[in-house]
Amino acid sequence: MLQITLAELADKIGATCHGDGTFVVNRVASLSQAQANEVTFFSDIKYLDALNASKAGAVILPEQALAAYSGNALVMANPYLGFALAAQALDTTPVPASNIAPSAVIDPSAKLGEGVCVGANAVIEADAIIGDGTAIGAGSFIGKGAKIGPNGRIWANVSIYHRVEIGAECVIQSGAVIGADGFGNAPDRGRWVKIPQLGTVIIGDRVRIGANTCVDRGALDNTIIADGVVIDNLCQIAHNCEIGENTAIAGAATFAGSLKIGKNCMVGGAAVV
């Protein structure tokens, strides 16, 4: 179990510590459920009664709530951001793989950086490049010539097709498919003639892609997901889409081909664009 003093946690999240800086917390929790060695957050002054009833060992809260609370506090302008950073500091989520499993199938021409881990039954094909510190989960597939940057987390049963490029510190959850063919078909007297999808998918740094989401490769040009984009579960990003930096896309959203979405956009769940 991870442990951290409030003084150390304040430094990590950019807060000011009020109270016992040597007090140790080991977990984050909700305001109503937090216990003595847990840290929570409070952001809405309307709920002061809930704040004072909380059993939390420490609360991340805004300056205006400090006078109404007598316990240990970490004061900052954005308590919700502080809670996210505290959760990162106390995160005990295991990595997708912790070594190179004997059952992993890795082509001799693939290049694995320092500290790369590959789970059981994963497949890494010819000329793939995996950056330092990246972990590939069990049963995942990395296609020919694919590139994954350093410190990535590819969870179990992810499929990353040939020539897909993924930047640094990306997280891709189980069941996601990156680089499958886009829906390219030409009509010919009552039948459909497949159009080979010759582009690929280019994903920037710090991108997070949810479980069972599909990002299709481009037909001729590439599908592009810029730095910092977050995509929820069960989304469909069709061929040749371009999604700008730090855009957030909630669950089950569907994007038709060749869409261009700008920076810092928010797309609600089940939206169809």
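Select Val59 and Ala73: Ala73, in β7, is the bridge partner of Val59. Strands here are DSSP runs of type E with at least two residues, helices are runs of type H or I with at least four, and both are numbered from the N terminus. The model is predicted; local features need pLDDT of at least 70, side-chain atom pairs count only at pLDDT 80 or more, and totals for chains, interfaces and linings use all residues. Residues are numbered from 1 along each chain as its sequence is written, and side-chain values use heavy atoms, with hydrogens and water left out.

**The sheet around β7**

Extend the selection to residues 58–61, which form β6, and residues 73–75, which form β7. These two strands run parallel and are joined by three bridges. Two strands count as paired if DSSP finds at least two bridges between them. Now show the whole open sheet, whose five strands come in the order β2-β7-β6-β5-β4 with mixed pairing. At its edges are β2 (16–18) and β4 (27–28), each of which pairs on one side only. Strands of a sheet pair through backbone hydrogen bonds, either parallel or antiparallel.

**Helix α1**

Next select residues 6–13, helix α1, and colour its buried residues: Leu6, Leu9, Ala10 and Ile13. Seen down the axis of α1, these buried residues fall within an arc of 105°, so they line one face of the helix. The arc is that of the directions from the helix axis to the C-beta atoms. Asp11 and Lys12 are exposed on the other side of α1. Buried means under 20% relative accessible area, exposed over 50% and partly exposed in between, with a 1.4 Å probe and protein chains only. Gly14 follows α1 and has a positive phi, near 75°.

**A hairpin**

Move to residues 185–188 (β21) and 191–194 (β22), which run antiparallel and are joined by four bridges. Ala186 stands opposite Val193 in β22. Two residues lie between the strands of this hairpin, where Arg189 takes a positive phi near 50°.

**Two buried loop residues**

Select Cys170, in the loop between β18 (165–166) and β19 (171–172). Is Cys170 buried or exposed? Cys170 counts as buried, at 2% relative accessibility. Leaving aside neighbours within four places in sequence, Cys170 is in contact (heavy atoms within 4.5 Å) with Asn151, Gly152, Arg153, Ile203, Gly204, Asp205, Arg206 and Val207. To place Cys170 in the chain, add Ala252: their C-alpha atoms are separated by 20 Å, and the two are 82 residues apart along the chain.

Then select Thr247, in the loop between β29 (242–243) and β30 (248–249). Thr247 is buried, with a relative accessible area of 0%. Apart from neighbours within four places in sequence, the contacts of Thr247 include Gly228, Val229 and Val230, along with Ile261, Gly262, Lys263, Asn264 and Cys265.

**The whole protein**

Finally, zoom out. The protein has four helices and 33 strands, and its C-alpha trace spans about 75 × 45 × 25 Å along the principal axes. Of its 273 residues, 42% count as buried. Among contacts with a separation of 6 or more, 21% are between residues 24 or more positions apart. The accessible surface comes to about 13,500 Å², of which 54% belongs to carbon and sulfur atoms.

Key: Areas by Shrake-Rupley, 256 points an atom, 1.4 Å probe, with all protein chains shown as cover.
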